[in-house]
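Work through these exercises with the model open beside you. Try each task before reading its solution.

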Amino acid sequence: MSEESNPTQRTYEHLILSCIHQSSLVDAQWVHRHLHENGFDQDPFLATKLINMYSSLDLIDDARKVFDKTRKRTIYIMTTLVDMYAKFGCVAYASAVFNQMAVKNVVSWSAMIACYAKNGKAFEALKLFREMMLKTEEDVGPNSVTMVSVLQACAALAALEQGKLIHGYILRNGLDTILPVISALVTMYARCGKLEVAQQVFDGMDKRDVVSWNSLISGFGAHGHGKKAIDIFKDMISCGISPSPVSFVSLLGACSHAGLVDEGRALFQAMRKEYGIIPSVEHYASMVDLLGRANKLEEAAKFIDDMRIEPGPKVWGSLLGSSRIHCNVEFAERASTKLFQLEPANAGNYVLLADTYAEAGKWDEVKRVKKLLESRGLQKVPGRSWIEVKRQIHSFVSTDEFNPQIEQLHALLCELSSEMKEKGYVPQIKVVLYDLGEEEKERIVLGHSEKLALAFGLINTSNAEPIRITKNLRLCEDCHSFTKFISKFARKEILVRDVNRFHHFRDGVCSCGDYW
């Protein structure tokens, strides 16, 4: 790096950008030191650039030190710090900085909403958006960036009614010509179970980019319409749009949900040979998931052995998940051994292994894994479900005793369970990993969060109105069986989106064909 006798703000900006481009910590420290020595360390503009620089180098503590030492903390300095914390998933820190802002503009509001939306806090994102609408003036209201984040939050919670309101705002404010906004709309409608509306929004676009096409492919794939997703991909190619790596993640996922093994294999080969896209960990993980779900675990294991890159947690996680589905203890042990080394603090891996042992009746092994989980101070992620009723999002966990309707919900579930048993419903109590009596196990599965949300929907929606539920974990076998019975017994259309896919229940049948 060249020295300059009287460096200016512009000079330092270029030097900082050079450090970011070269990913050079040594140069970054050199620039920061000279900037301080020449009295530019309190320049708000350069402080913002320094925070960006350290953020790009994954040096979160150094970025925070720049902020702490800056006396004049402008909105863009503080917003930059919020963006950085969002990037690293430090939501609580981002929120603390945001709350310190005496004055907030559309950029700062949007940054915090995006932070929530991108880090699994969709409920908080929508709550903050409502607060923004109340506190900002009309001329500094939400922009296209805000809309994309809010639509992502609506999609995450299957909040269709709120999504429709956002769509109306977009149309009224002329934001419907902006590609990322319309692509987010397509995703929102698809993830709320409204594929026909997602298709209509897509068809109405004057111009489409690869992101727009990917949104539609992903939407149909998540609903189990694998062949339709492949047809959309072919249409995209015929329109002259080159696929992106995300296109193939969506396609392979679509094949996995529909059990299209041969089609998935062909697409994986075409990705490199025809389109010059080198497979990433996500693509390999999708292939392992595709093979594993189809109970081709031997082939999945060999696929991992033949990988050109290090498998990593996503790939081994796909094998463990498939082993759990098919109760294959051998492969579950092989995958979990790797995962315990790679991510020892991920409680989900221990739970999946314990689930597999429980399914196989190996209760001593279940106890061993649970002791291992406890000795490492880890806790299972609690199941949580959301349902939108009258434009309000309601959240449920199995241990929630504070809901004003909780006793009514439990009473309804008990009544429905008793009546459905007479019609053939058998509680799947094997999902309970505790050495308890059958009656106690039944009580536990009956209190699962998605059943509470379902009961709430039955009580609070009209007969003709479909029920839409979102779950943060995989739908358990008992909840799946229970909901099938309810859809027939109550003559109710029920959509449940779990962490893997959509389940569309109608007249006692699920769209997944019990393949999830």
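**Exercise 1: the cavity**

The largest cavity holds about 40 Å³ of space. This is a predicted model: local features need pLDDT of at least 70, side-chain atom pairs count only at pLDDT 80 or more, and totals for chains, interfaces and linings use all residues. Residues are numbered from 1 along each chain as its sequence is written, and side-chain values use heavy atoms, with hydrogens and water left out.

*Task.* Find which element gives the most to the lining of the largest cavity.

*Solution.*
1. List the lining: Ala 158, Arg 191, Cys 192, Gly 193, Arg 468, Ile 469, Leu 495, Val 496, Arg 497 and Phe 502.
2. Look for elements giving two or more residues: these are strand E3 (467–471) and strand E4 (494–497).
3. E4 gives the most, with 3 residues.

**Exercise 2: one helix, two sides**

*Task.* Decide where the buried residues of helix H4 lie around its axis.

*Solution.*
1. Pick out the buried residues (under 20% relative accessible area, 1.4 Å probe, protein chains only). In H4 (residues 60–69) they are Ala 63, Val 66 and Phe 67.
2. Look down the axis: the buried residues fall within an arc of 95°, so they line one face of H4.
3. Recall the rule: an α-helix has 3.6 residues a turn, so residues three or four places apart point the same way.
4. Turn to the face away from the buried side: Asp 61 and Lys 69 are exposed there (over 50%).
5. Find the packing partners: the buried residues of H4 pack against helices H2 (25–37), H3 (44–56), H5 (75–87) and H6 (91–100).

How values were computed
1 Å grid on protein atoms, 1.4 Å probe; cavity = no way out; pocket = protein on both sides within 12 Å on 5 of 7 lines; lining within 4 Å. Points joined across faces, edges and corners; volume = space filled by probe spheres on them. Helix = DSSP H or I, 4+ residues; strand = E, 2+ residues; numbered from the N terminus. Arc of directions from axis to C-beta. Contact = heavy atoms within 4.5 Å.
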